[in-house]
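Please examine the structure shown below. The paragraphs that follow lead through its turns, its sheet, its domains and its pockets.

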Amino acid sequence: MRSIPKISDAEWEIMKLIWRVNPITSEEIIISLSGKMNWSAQTIKTFINRLLKKGAIGFEKTGRSYIYYPLVSEKDCIRAENKSFLKKVYNGAVGMLFSNFIEEESLSEKEIEKLQDLLAKKKTKILPVKKIER
């Protein structure tokens with residue numbers, strides 16, 4: 001598996017757009033994000049260049065346009081960010097993360113049921129299945 005580059009918060013905005021719409025030109029990126037993020041065209045081009053150097057995106061030159069596409073998946077980047085956050089904030093303790101989250105956040109009944117279902121499925125994957133002998 002290839003190394004996942006560390007992506008800044010601002011670069012995440014570029015990546016989210018490229019994951020959603022690709023291939024995409026730099027002009028389309030600028031039009032889409034300049035108003036939303038209140039960034040200049042040059043700022044957006046700087047972020048694009050940083051992502052290129054990090055190996056997060058690639059490009060093809062077509063005429064006078066550059067067309068960008070992701071080189072890393074959104075899922076892999078989210079997984080890497082989750083691990084980084086977990087290590088930095090909770091010293092890798094998943095249980096502490098979930099305990100704090102559940103204590104601090106308001107959850108609907110539906111969300112609680114979903115969490116219970118996920119935990120039950122996870123539990124069956126961890127525990128060995130006992131064979132019933134006759």
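Gly 63 has a positive phi near 65° and belongs to the hairpin of S2 and S3, in which two residues lie between the strands. Helices and strands here are DSSP runs (H or I with at least four residues for helices, E with at least two for strands), numbered from the N terminus. The model is a predicted one, in which local features need pLDDT of at least 70 and side-chain atom pairs count only at pLDDT 80 or more, while totals for chains, interfaces and linings use all residues. Residues are numbered from 1 along each chain as its sequence is written, and side-chain values use heavy atoms, with hydrogens and water left out.

The two strands of this hairpin belong to an open sheet of three strands, arranged in the order S1-S3-S2 with antiparallel pairing. The edges are taken by strand S1 (24-25) and strand S2 (57-62); each has a single partner strand, so one side of each is left without a neighbour in the sheet. Two strands are said to pair if DSSP finds at least two bridges between them. In general, strands of a sheet pair through backbone hydrogen bonds, either parallel or antiparallel.

S1 is joined to strand S3 (residues 65-70) by two bridges in the antiparallel sense. Ile 24 has Tyr 68 in S3 as its bridge partner, and Thr 25 stands opposite Ile 67 in S3. Helix H1 (residues 9-20) packs on this sheet and touches S1, S2 and S3, its direction making about 90° with that of S3. Helix H3 (residues 41-54) also packs on the sheet, where H3 touches S2 and S3 and its direction makes about 110° with that of S2. Contact means heavy atoms within 4.5 Å. Axes are lines fitted to C-alpha atoms, for helices over the stretch in contact, and angles run from 0 to 180 degrees between N-to-C directions.

On the other side of the pairing, S2 and S3 run antiparallel and are joined by six bridges. Among the partners in S3, Pro 70 is matched with Ile 57, and Ile 67 with Glu 60.

Two loops deserve attention for their backbone geometry. Most residues other than glycine have a negative phi, and most peptide bonds are trans. The peptide bond from Asn 22 to Pro 23, however, is cis, with omega near 0°; Pro 23 lies in the loop between H1 and S1. Asn 38, a residue other than glycine, has a positive phi near 60°, and Asn 38 is found in the loop between helix H2 (26-37) and H3.

The protein is divided into domain 1 (9-72) and domain 2 (75-126), with bounds that come from an automatic or database domain assignment. Their centres, taken over C-alpha atoms, are 31 Å apart.

The pockets come next. On a 1 Å grid over the protein atoms alone, a pocket is an open set of points with protein on both sides within 12 Å along at least five of seven lines, found with a 1.4 Å probe, and lining residues have an atom within 4 Å of a point. Which residues line the largest pocket? They are Val 94, Gly 95, Phe 98, Ser 99, Ile 102, Leu 115, Leu 118, Leu 119 and Lys 122. Helix H5 (94-104) and helix H6 (109-126) are the elements that give two or more residues to this lining, and H5 provides the largest share, five residues.

The second largest pocket is lined by Asn 82, Phe 85, Leu 86, Val 94 and Leu 97. Helix H4 (74-90) and H5 each supply at least two of these residues, with the largest share, three residues, coming from H4.
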